[in-house]
Amino acid sequence: RARLGPEVALIGTNGARSGLDVIRMLLAGAGAVQMTSAAMVGGPAALARAVEEIAAYAEAKAIALADIVGRAADRIETYADQSLRPEVWRRFVHPEAQGK
């Protein structure tokens with residue numbers, strides 16, 4: 001995202017199995033997320049659960065999903081810096097850590 005810019009569409013693939021995984025990929029800059037494996041393993045119910053989790057996250061944060069695309073990615077300097085400061089990324093994913 002940093003190299004290509006926010007106007008380039010990115011798609012998150014490989015590994016999204018829950019709504020929170022989708023949120024993480026959106027925060028990293030994906031405008032769309034593929035959940036093929038989750039659907040193949042868990043059936044349509046896996047997708048329904050993911051949609052519920054995404055809706056609950058958006059409601060808890062009082063934010064539109066379009067407003068979170070790239071939010072975390074745009075605020076980090078390097079991966080090494082990010083991994084040394086877990087308090088930075090925790091606030092994006094864990095609603096209970098809001099404000100920390």
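Let's start with a salt bridge. Arg1 pairs with Asp74, and their closest N and O atoms sit 2.7 Å apart. Keep in mind that this is a predicted model. Why does this pair deserve a look? Arg1 lies in the segment before strand 1, which covers 11-12, and Asp74 lies in the loop between helix 3 (44-61) and helix 4 (79-84), so the pair ties together parts that are 73 residues apart in sequence. The general idea is familiar: side chains of opposite charge can pair when their charged atoms come close.

The Arg1–Asp74 pair also registers as a side-chain to side-chain polar contact, again at 2.7 Å. What else does Arg1 touch? Setting aside residues up to four places away in sequence, the list is Pro6, Leu10, Ala28, Gly29, Val69, Gly70, Ala73 and Asp74. Hold on to Gly29 and Val69 from that list. Both come back later.

How many salt bridges turn up in the whole structure? Two. The other partners are Asp21 and Arg24, with closest N and O atoms 2.7 Å apart. This one is local. Asp21 and Arg24 are three residues apart in helix 1, so about one helical turn separates them. Arg24 is partly exposed, at 37% relative accessible area.

Now step back to the overall layout. The protein chain has five helices and two strands. Reading from the N terminus, the order is β-α-β-α-α-α-α. Of the 100 residues in the chain, 30% are buried. The chain exposes about 6,500 Å², and carbon and sulfur atoms supply 58% of that area. Take contacts between residues at least 6 apart in sequence: 45% of them join residues at least 24 apart.

Next, helix 1. It spans residues 19-28. Start at its N-terminal end. Ser18 is the cap there, with a side-chain oxygen 3.4 Å from the backbone nitrogen of Leu20. Which residues of helix 1 are buried? Gly19, Val22, Ile23, Met25, Leu26 and Leu27. After the helix comes Gly29, and its phi is positive, near 120°. That is the Gly29 touched by Arg1.

On to the core. The largest nonpolar core has 16 residues. Which ones have the most contacts inside it? Val22, Ile23, Leu27, Met35 and Ile68. Helix 1 and helix 3 each supply at least two residues of this core. Helix 1 gives the most, with five.

Look at Ile68 more closely. Beyond its neighbours within four places in sequence, Ile68 contacts Ile23, Leu26, Leu27, Tyr57 and Ile63. Among those partners, Ile23, Leu26 and Leu27 are buried residues of helix 1.

Now the residues on either side of Ile68. Asp67 is in the loop between helix 3 and helix 4. Is Asp67 buried or partly exposed? Partly exposed, at 49% relative accessible area. Asp67 and Leu27 are 40 residues apart in sequence, yet their C-alpha atoms are 9.3 Å apart in space.

Val69 is in that loop too, between helix 3 and helix 4. Val69 is partly exposed, at 26%. Which residues does Val69 touch, leaving out those up to four places away? Arg1, Leu26, Gly29, Ala30 and Gly31. So here is Arg1 once more, this time from the Val69 side. Val69 and Ala32 are 37 residues apart in sequence, with C-alpha atoms 9.4 Å apart.

Last topic: backbone angles. Two residues to check on your screen. Asn14 has a positive phi, near 65°, and is not a glycine. Where is Asn14? In the loop between strand 1 and helix 1. Asn14 is exposed, with a relative accessible area of 74%.

The other is Ala62. Its phi is positive, about 50°, and again this is not a glycine. Ala62 sits in the loop between helix 3 and helix 4. Is Ala62 buried or exposed? Exposed, at 72% relative accessibility.

To wrap up, go back to the loop between helix 3 and helix 4. Asp74 in that loop pairs with Arg1. Val69 in that loop touches Arg1 and Leu26. And Ile68 is among the residues with the most contacts inside the largest nonpolar core.

Definitions and conventions
Residues are numbered from 1 along each chain as its sequence is written. This is a predicted model: local features need pLDDT of at least 70, side-chain atom pairs count only at pLDDT 80 or more; totals for chains, interfaces and linings use all residues. Side-chain values use heavy atoms; hydrogens and water are left out. Buried means under 20% relative accessible area, exposed over 50%, partly exposed in between (1.4 Å probe, protein chains only). Helices (H or I, at least four residues) and strands (E, at least two) are DSSP runs, numbered from the N terminus. A polar contact is a pair of N or O atoms within 3.5 Å; within protein, one must be able to donate a hydrogen and the other to accept it, and residues adjacent in sequence count only if both atoms are side-chain atoms. A salt bridge is a side-chain nitrogen of Lys or Arg within 4 Å of a carboxyl oxygen of Asp or Glu. Contact means heavy atoms within 4.5 Å. A nonpolar core is a set of buried Ala, Val, Leu, Ile, Met, Phe, Trp, Tyr and Cys residues joined through side-chain atoms within 4.5 Å. Accessible areas come from the Shrake-Rupley method with a 1.4 Å probe; for residues, only the protein chains shown count as cover.
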